[in-house]
Amino acid sequence: MSVTTYWAEYAWLPHVNGPVVERDVLVEVADGRITRVAPDGGPCPPGAVRLAGLLLPGQANAHSHAFHRALRGSVQVGSGTFWTWRDTMYRFAGALDPDSYLALATAVYAEMALAGITSVGEFHYLHHAPGGGRYADPNAMGHALIEAAARAGIRITLLDTCYLSSGFGAEPTRHQLRFSDGDSDAWAERVSALKATDHARIGAAVHSVRAVPAGQLSTVAQWATAADAPLHVHLSEQTAENDACLTAHGVTPTRLLADHGVLGPRTSAVHATHLTDQDVQLLSDSSTNICMCPTTERDLADGIGPARRLATAGCPITLGSDSHAVIDPFEEARALELNERLRTRTRGHWTANALLRAGGEDGHASLGWPEAGRIEAGALADFTVVALDSVRTAGPPPALGAETAVFAASAADVRHVVVGGRHIVKDGQHQLVPDVATALGTTIAALRS
Ligand SMILES: [Zn+2]
């Protein structure tokens, strides 16, 4: 068994009293896992891989729609609403096939790797051909996403998404036909053909209470339970969804999900922006994870979700870049605290350590990778190294490395990324996708033409 030894100038490590920044840390890796972590190891020994900066757990991007990356910039012209943004999104969705999605998603996941993301939760509903026709492989699009993650060197949880209706039982619109399997049994049959690999795990998703009729929610929940798989769901991002749900069913979306067995510790509610007191109680009683996507929620003018309140009530909090208006896990993390400061006009709701836990351990657990997100023996060897000597990060004492990373660093400060012991980003360069910017530019331009 070959052992690789990494030497980190600084590392953010678990400690009985909470994480601390240690210096001169040796991290030994074998067979894709961390086998030993030793702080205060002195200077970099001969044969070790030197990592200057602060070593952190690889970050989990718990909510992604890879193809939304193609909208960047295009949706910043004029005003519009969430719903007009969605019309633009549907146009790009209509242009994708398995080959072009493989190319685009490879570039997007490579961008994520460069930003320090080592696992992505892909909330995937673009299943079929335009108009709803089936590909020869009914999972061709899902397989393209799994292959894209492999090419970019990161882990993926393919959250295959049940999407059947344009709203509370209404037929799918023309654009939505390719999202739909017809009914939840057909969804379950197709998803059951997807198989996990070393870098990929399969999870389930309910697009929303709009898109899955109430009578079919339990099929998805039961599939996830039987597969011991994560289950994700968009929840109350827009007040219009709450209003329509109350009209259709007389209860809030959270209550509807609870009544059909969708909530629980394997479940992640994404956004959870507009909740009642009882909704918060239902989510906390069921230990449901909450995935906040702050850069998307502010981009789409959704509002500020009650993340702090939910966390205090006992819900683990995770983070996602969702529409990829930007891909920067540090920006997502600090936005939780900064949003709360603006709302309350007080500081100090989230520590940097808590925010790194959201992007690390809790994010990974919500994606079905509980053995990732910590720098300790036995964990998967997934980590990232942030420069502490860039124009953004130079100055603070290294003991405040976590605060510096969360509140001042950007994705551009990521120097190294290791996934399963494989060094996929070295000195800021992706080792598998040589020119990520060109790959993004080329694939997105092709979709626009
Ligand atoms: Zn989403």
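The following questions and answers concern a predicted model and take up its zinc site, salt bridges, one helix and some single residues.

Q: Which residues are the protein donors of the zinc ion, and through which atoms?
A: In this predicted model, the donors follow the spacing H-x1-H-x168-H-x87-D along the chain, which gives three histidines and an aspartate. The distances from the zinc ion run from 2.1 to 2.7 Å. The donors are His63 (NE2), His65 (NE2), His234 (NE2) and Asp322 (OD).

Q: Is the site of the zinc ion tetrahedral or irregular?
A: Four donors count as tetrahedral if all angles lie between 85 and 135 degrees, and as square planar if opposite donors are over 155 degrees apart and all others between 65 and 115. The angles among the 4 donor atoms here are 84 to 171 degrees. Because water is not among the atoms, sites may look incomplete, and with that caution the site is classed as irregular.

Q: How many residues apart are histidine 234 and aspartate 322, and are they buried or exposed?
A: Histidine 234 belongs to strand β9 (residues 231-235), while aspartate 322 sits in the loop between β12 (317-319) and α11 (329-344), so that the pair links distant parts of the chain, 88 residues apart. Residues under 20% relative accessible area count as buried. Histidine 234 has 7% and aspartate 322 has 4%, so both are buried.

Q: What is the N to O distance in the salt bridge of glutamate 371 and arginine 33, and which parts of the chain does the pair link?
A: Glutamate 371 lies in the loop between α12 (352-366) and β13 (383-386), and arginine 33 lies in strand β3 (residues 33-38), so the pair links distant parts of the chain, 338 residues apart. Glutamate 371 is buried at 17% relative accessibility, whereas arginine 33 is partly exposed at 34%. Their side chains meet with an N to O distance of 4.0 Å.

Q: How far apart are the closest N and O atoms of aspartate 181 and arginine 190?
A: Aspartate 181 is buried, with a relative accessible area of 7%, and arginine 190 is likewise buried, with a relative accessible area of 7%. The two residues form a salt bridge, and the closest N and O atoms are 2.7 Å apart.

Q: In which helix do arginine 343 and glutamate 340 both lie?
A: The two residues form a salt bridge, with the closest N and O atoms 3.0 Å apart. An α-helix has 3.6 residues a turn, so residues three or four places apart point the same way. Arginine 343 is partly exposed at 39% relative accessibility and glutamate 340 is buried at 7%, and both, 3 residues apart and thus about one turn of the helix, lie in α11.

Q: What span should helix α14 have, and what is the distance between its end C-alpha atoms?
A: The expected span is 1.5 Å times one less than the number of residues. Helix α14 (residues 436-448) has 13 residues and should therefore span 18 Å. The end C-alpha atoms agree with this, being 18 Å apart.

Q: Within what arc do the buried residues of α14 fall, and against which elements do they pack?
A: The buried residues are Val436, Leu440, Thr443, Ile444 and Leu447. Seen down the axis of α14, these residues fall within an arc of 95 degrees, so they line one face of the helix. The face turned away from this buried side carries the exposed residues Ala437 and Ala446. The buried residues pack against α1 (82-94), α2 (98-114) and β16 (429-430).

Q: What is phi of histidine 271, and what is phi of arginine 345?
A: Most residues other than glycine have a negative phi. Histidine 271 lies in strand β10 (residues 267-271) and is buried at 0% relative accessibility, whereas arginine 345 lies in the loop between α11 and α12 and is exposed at 77%. Both values are positive: phi is near 85 degrees for histidine 271 and about 55 degrees for arginine 345.

Q: How far apart in space are proline 46 and threonine 5, C-alpha to C-alpha?
A: Proline 46 is found in the loop between β3 and β4 (49-57), where it is exposed with a relative accessible area of 85%. Proline 46 and threonine 5 are 41 residues apart in sequence, and their C-alpha atoms are 9.8 Å apart in space.

Terms used:
Residues are numbered from 1 along each chain as its sequence is written. This is a predicted model: local features need pLDDT of at least 70, side-chain atom pairs count only at pLDDT 80 or more; totals for chains, interfaces and linings use all residues. Side-chain values use heavy atoms; hydrogens and water are left out. Donors are N, O and S atoms within 2.8 Å of the metal (3.2 Å for Na, K and Ca); water is not among the atoms, so sites may look incomplete. Four donors count as tetrahedral if all angles lie between 85 and 135 degrees; four count as square planar and six as octahedral if opposite donors are over 155 degrees apart and all others between 65 and 115; anything else is irregular. Helices (H or I, at least four residues) and strands (E, at least two) are DSSP runs, numbered from the N terminus. Buried means under 20% relative accessible area, exposed over 50%, partly exposed in between (1.4 Å probe, protein chains only). The arc is that of the directions from the helix axis to the C-beta atoms. Contact means heavy atoms within 4.5 Å.
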